[in-house]
Amino acid sequence: MVSLDPAPVETKRTGPRGAGVGLCCRGEAPEGGAATRAVNSNANARRWQNRRMSFVGLDEIREAGTRLEEVCLRTPVWPSRILSRMAGGTTVLKCENLQRTGSFKIRGAYNRIARLSAEQRSRGVVAASAGNHAQGVALGASLLGVHSTVFMPAGAPLPKVEATSKYGAKVVLEGSVYDDAYAAACTFAEESGAVMVHPFDHPDVIAGQATIALEILEQVPDAATIIVPIGGGGLISGVAAAAKELRPGIRIVGVEPVGAATLTRSLEAGEVVTLPEISTIADGLAAKRAGDLTFEYVRKLVDDVVTVTEEEIAEGLLLMTERARLMVEPAAAVGVAGAMRRRSPITFPAVVIVSGGNIDPLLLMRVIRFGMTSAGRYFSFRTRLRDRPGELQRLSGAIAGVGVNVVGVEHRREGVLHSSLNDVEVSLQVELRGPDHIKELIARLEEDGYEVTSL
Ligand SMILES: Cc1ncc(COP(=O)(O)O)c(C=O)c1O
């Protein structure tokens with residue numbers, strides 16, 4: 001039985017509570033008896049010391065939680081029946097798409113800026129981002145009375161650019177990709193003295209993101225797996241740092257788009273590698289390089305990192321929109337896709353972090369159409385008809401005969417190759433129930449003498 005928050009949406013965040021700090025390292029059961037703990041205590045203490053040198057600890061994470069209390073929402077968790085069915089066990093969504101600024105990024109950005117000294121704050125902060133981090137930094141800085149400058153690539157989604165500016169940042173559009181904006185932000189930091197707020201590779205950012213895990217373990221106390229989308233790795237680093245301290249046996253699984261598999265490639269190589277090219281609809285995860293710090297967290301604390309295809313991401317987003325009635329962005333659908341496809345063994349109850357909901361409506365339409373095509377619910381094809389009255393009606397009768405809905409049609413006489421003078425070409429887009437329904441449609445049309453070419 002999964003414990004859930006009684007109210008679907010909480011608008012006030014409670015500070016981290018929870019049991020005492022376990023000093024166990026990864027893989028050791030916290031519920032071991034007193035004798036076992038005594039035997040292991042020296043080894044544990046040594047390992048704890050080593051870890052404390054580089055990883056954020058529970059004290060820092062809890063302090064971050066207290067800092068964020070008045071700033072962030074304690075986002076709700078929603079059980080999802082459909083995802084549970086697909087994943088093979090109880091699966092719950094942690095809805096950071098409902099967070100202030102529309103993603104979890106405000107947590108890390110605010111924590112980082114709040115920990116600056118008065119002198120550092122007086123110099124202002126600077127960041128580079130294509131969207132969510134930009135909004136987190138802009139709002140975090142404004143709430144703390146700090147001036148912020150955010151460099152964004154010219155191709156950043158317009159709603160994200162506008163929101164960043166409305167939250168109070170000075171927005172500078174620079175270059176066409178994130179790397180251009182990042183280079184410009186670094187130059188600006190050097191020249192102006194403004195403090196760089198890195199999107200993922202800083203302990204204070206990681207500690208801020210880690211507060212999500214504190215909430216998850218209060219909201220779903222028996223959570224056995226947490227599934228996390230990965231970009232540069234700050235979110236999963238924080239979640240793993242907190243969750244493995246509180247529950248060493250918990251499984252942490254990271255999911256990346258196959259076209260931006262930064263950590264997968266780095267783990268294979270045994271060092272951080274820079275991908276020459278990245279390509280994904282999950283703009284929030286479009287990082288060419290993981291952080292040096294986050295790579296260490298993932299290497300030591302994360303159980304598995306897997307990839308999903310663009311089609312699977314689109315299907316995840318479609319599932320959230322249609323069945324969970326949640327508006328999510330492609331980056332957030334990546335974890336959902338990992339659970340849907342069971343890319344890594346999952347122990348239950350599982351929690352999927354739905355990390356953000358900032359999506360341009362036009363992109364949402366395109367991704368949904370792509371997801372429907374990939375799920376076999378949208379099909380485009382072309383066929384030929386004799387050029388005489390009643391032929392189009394005969395074709396639509398055959399299509400209607402198998403219960404398929406036509407959503408678009410184009411009828412062309414001119415410019416059609418391989419067609420006799422007496423033929424016309426017709427392209428159709430139809431909506432159907434799934435892959436079997438496509439087969440049924442094609443069989444019916446072929447039976448009636450049509451040649452079907454899928455587009
Ligand atoms: C919505 C969303 N999900 C996940 C991530 C990945 O976070 P990280 O870069 O810390 O791995 C990002 C990063 O910007 C994001 O915007």
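Me: Helices are DSSP runs of H or I with at least four residues, strands are DSSP runs of E with at least two, and both are numbered from the N terminus. This is a predicted model. Which helix gives the most to the shell around the ligand?

Reply: Start with the elements that give two or more residues to that shell: α6 (132-143), α10 and α14 (330-340). One of them contributes 3 residues, the most to the shell. That helix is α10.

Me: Which residues come nearest to the ligand?

Reply: The ligand has 21 residues around it. By class, the shell divides into 9 nonpolar, 10 polar and 2 charged residues. Those that come nearest are G231, G234, G284, S355 and G356.

Me: How many helices and strands does the protein chain have, and what share of its residues is buried?

Reply: The protein chain has 17 helices and 14 strands. Its length is 455 residues. The buried share is 47%.

Me: What share of the contacts with a separation of 6 or more joins residues 24 or more positions apart?

Reply: Take the contacts in the protein chain with a separation of 6 or more. Residues 24 or more positions apart account for a stated part of them. That part is 75%.

Me: How do α9 and α10 lie against each other: parallel, antiparallel, perpendicular or oblique?

Reply: Helix α9 covers residues 203-219 and helix α10 covers residues 234-246. They pack with their axes 7 Å apart, at an angle of about 50 degrees. That angle makes α9, relative to α10, oblique.

Me: What is the make-up of the contact of α9 with α10?

Reply: The crossing is right-handed. On the α9 side, the residues are V205, I206, A207, Q209, A210, I212, A213, L214 and L217. On the α10 side, they are G234, L235, S237, G238, V239, A241, A242, A243 and L246. By class, the contact residues divide into 14 nonpolar, 4 polar and no charged.

Me: Is R107 buried or exposed?

Reply: R107 sits in helix α4 (residues 105-114). A residue needs 20 or more C-beta neighbours within 10 Å to count as buried. R107 has 32 inside 10 Å, so R107 counts as buried.

Me: How far is R107 from Q209 in space?

Reply: Beyond its neighbours within four places in sequence, R107 contacts L68, C72, G208, Q209, T211 and I212. Q209 also belongs to the α9 side of the contact with α10. R107 and Q209 are 102 residues apart in sequence. In space, C-alpha to C-alpha, they are apart by 5.6 Å.

Me: Why is helix α2 called largely enclosed, and what does it pack against?

Reply: Helix α2 (residues 58-68) has 11 residues, and 8 are buried, so it is largely enclosed by the rest of the structure. The buried ones are L58, E60, I61, R62, A64, G65, R67 and L68. They pack against α4, α9 and α10.

Me: At what angle do α4 and α6 pack?

Reply: α4 passes α6 in a right-handed crossing. K105, I106, G108, A109, Y110 and I113 of α4 meet α6 residues, among them N132, H133, Q135 and G136. The contact has 8 nonpolar, 6 polar and 1 charged residues. The axes are 8 Å apart, and the packing angle is about 45 degrees.

Me: Where is the cis peptide bond that ends at P349, and which residue comes before P349 in it?

Reply: Most peptide bonds are trans. P349 lies in the loop between α14 and β10 (350-354). The bond into P349 has omega near 0 degrees, and the residue before P349 is F348.

Me: T101 and R325 both have a positive phi. Which one is buried, and which is exposed?

Reply: Most residues other than glycine have a negative phi. T101, in the loop between β2 (91-95) and α4, has a phi of about 70 degrees; R325, in the loop between α13 (310-322) and α14, has about 55 degrees. T101 has 28 C-beta neighbours inside 10 Å, so T101 counts as buried. R325 has 8 inside 10 Å, so R325 counts as exposed.

Conventions
Residues numbered from 1 in each chain as written. Predicted model: local features only at pLDDT ≥ 70, side-chain atom pairs only at ≥ 80, totals over all residues. Axes fitted to C-alpha atoms, helices over the stretch in contact; angles between N-to-C directions. Parallel < 35°, antiparallel > 145°, perpendicular 65-115°, else oblique. Left-handed = near helix turned anticlockwise from the far one by under 90°. Contact = placed C-beta atoms within 7 Å. Nonpolar A, V, L, I, M, F, W, Y, C, P; charged D, E, K, R; others polar. Near = placed C-beta within 6 Å. Buried ≥ 20, exposed ≤ 12 C-beta atoms within 10 Å, placed from the backbone.
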